[in-house]
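Colleague: Before I use this model at the bench, I would like to go through the terms attached to it. Please set each value against its definition.

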Amino acid sequence: MEDLNPYLEADADLKREDLFESVLEAYSIDGKLYCIPNNFYVMTVMGKASEVGDTPGWTLDELMALMDSKPEGTEVLEYATKELILQLSMIYNFDSYIDWETGECSFNGEEFIKVLEFADRFVSEEDYSYSEDGPSTPSKIQDGTLMLMNTTISSVQEYQMYSAMFGEPITMIGYPSSEGNGSGISGANTFAVNARSANKEAAWEFIKYLLSEEYYADNNIWGFPTVISEYDKVNAEYMKAEYYEDENGNQVEMSKGSWGWDDFNVELYAATEEEVAAITELINQCDCSYNYDTQLVQIITEEAAPFFEGQKTAQEVADIIQSRVKMYVNENR
C-alpha cells in the first residue's frame, strides 16, 4: 500500500489537521499512513465510574482486583469464555507483543503469561450455556450482576442510551492494556492506494471525494465522520432541541427517537455539550486500530488450549506461541 502522508502534506484542499489525528494514527505503521476511513466507530469496554474510576485506561491487575472484590457469580463480561477473553486481550494489545519492523515478539514473558492465567479464570466453551429465558443484559447491569460491557460507540445517541442503561455516570475505560487506553478505532469504510498503481494521483482524488463535504451531504454515513468539520455538523444536529406546544400551551421538548436493548427502552433528547465532549475525548484518546489478524488469533488460541485443559503449563504454551508467532511475523513483515 502507498504511504498517504505525502499526499496529505501536498494537498491544497485537504489537510491532516482536518481529520481526527487518532484515526490517522490508528492506520499508521512506523509513521506511514496506509489507509484512511471516511467513517469509523470505537470499540471499547464500559463500566460504572463508581467502580472503574473516571479515567480511561487500566491494567489487568486493576481489573482482577475489581473482580476479586465482587460477590461470587458476578459476570465480568457477558458470554466470557477462556478463548474469548484471550482473543480480546490480543485484539486490543497485539502491538504490545509484536514489533513488525524488527520481527521481535514477547509472548514468552511475564505479561503474556499473566494474560493466559487471567483467561483461565473463565469457563471453557463446553461449560458455557446461554439461556434465552435468562435475565437481560440491561437488568444484569442494573442489579450489579454484570460489571462491564464490551461494545461499540458510533454516535452520541448510543452513549446516551448506555448512560441511561447503567443509570449512573459511565466510563469508557477500554480493555486492560499494559500501555494505552484499550479502546480501538475501527473503520467502517476504509480506503488505501496500491503502491504499484499507475494512477495514484487519481486514486488520491477519489479518496478526497469520499472525505468531501459533497460526499457526506449526499450519503447517509453510519458512525463518526473522519473529517472533524463533518463530525461537528452531525453533533450539532444531535444537540439541537425541538419543541411542541401541549394542550396547556407549554413548550415541551420533542424526543429524537427511542433506543433500546432487550427489555430496556429509553427516549432520547437533545445531546448536551458534556455528552458530546465525552465522545470526542474517547475518540481523541484512542491509540490503536481494532486489529483482528485471523491467523495470529488462531495460532494463539490453538496453542493455549492445552494450558486451559491442564495438559501444559502457562510457560510451556507461551514458549510455543512465541516460536510460532515469531515465525509467522517474520514471514509476513
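Colleague: What makes the space of about 30 Å³ the second largest cavity?

Modeller: On a 1 Å grid over the protein atoms alone, a cavity is a set of points where a 1.4 Å probe fits but cannot get out. Grid points are joined across faces, edges and corners, and the volume is the space filled by probe spheres set on the points. The structure holds two cavities of 30 Å³ or more, and the second largest has about 30 Å³ of space. This is a predicted model, where local features need pLDDT of at least 70, side-chain atom pairs count only at pLDDT 80 or more, and totals for chains, interfaces and linings use all residues. Residues are numbered from 1 along each chain as its sequence is written, and side-chain values use heavy atoms, with hydrogens and water left out.

Colleague: Which residues line the second largest cavity, and how do you know what class they belong to?

Modeller: A lining residue has an atom within 4 Å of a point; here they are V45, L63, V76, L77, I85, F118, L148 and Y175. Ala, Val, Leu, Ile, Met, Phe, Trp, Tyr, Cys and Pro count as nonpolar, Asp, Glu, Lys and Arg as charged, and the others, Gly among them, as polar. By that list the lining has eight nonpolar, no polar and no charged residues.

Colleague: How does the lining of the largest cavity divide?

Modeller: The largest cavity holds about 110 Å³, and its lining divides into five nonpolar, five polar and one charged. Among the lining residues are E111, S89, N93 and Y175.

Colleague: How do you know that the span of helix α14 agrees with its number of residues?

Modeller: Helices are DSSP runs (H or I, at least four residues), and strands are too (E, at least two), numbered from the N terminus. The expected span is 1.5 Å times one less than the number of residues. For the 15 residues of α14 (294–308) that gives 21 Å, and the end C-alpha atoms are 20 Å apart, so the two agree.

Colleague: What covers the buried residues of α14?

Modeller: The cover includes α5 (82–91), α6 (94–97), α7 (110–119) and α15 (314–332). Among the buried residues of α14 are L296, I300, E303 and F307. After the helix comes G310, with a positive phi near 80°.

Colleague: Why is K208 called buried?

Modeller: Buried means under 20% relative accessible area, exposed over 50%, and partly exposed in between (1.4 Å probe, protein chains only). K208 has 15%, so it is buried. K208 sits in helix α10 (residues 200–210). Contact means heavy atoms within 4.5 Å; beyond four places in sequence, K208 is in contact with D11, D13 and L14.

Colleague: Why does S163 count as partly exposed?

Modeller: The relative accessibility of S163 is 21%, so it counts as partly exposed. S163 belongs to helix α9 (residues 156–166) and touches E168 and I170, not counting residues up to four places away in sequence.

Colleague: Why are D30 and D262 called exposed?

Modeller: D30 has 53% relative accessibility and therefore counts as exposed; D262, with 58%, is exposed as well. D30 lies in the loop between β1 (28–29) and β2 (32–33), and D262 in the loop between β10 (257–261) and β11 (264–268). Although not a glycine, D30 has a positive phi of about 50°; for D262, also not a glycine, phi is positive at about 55°.

How values were computed: On a 1 Å grid over the protein atoms alone, a cavity is a set of points where a 1.4 Å probe fits but cannot get out, and a pocket is an open set with protein on both sides within 12 Å along at least five of seven lines; lining residues have an atom within 4 Å of a point.
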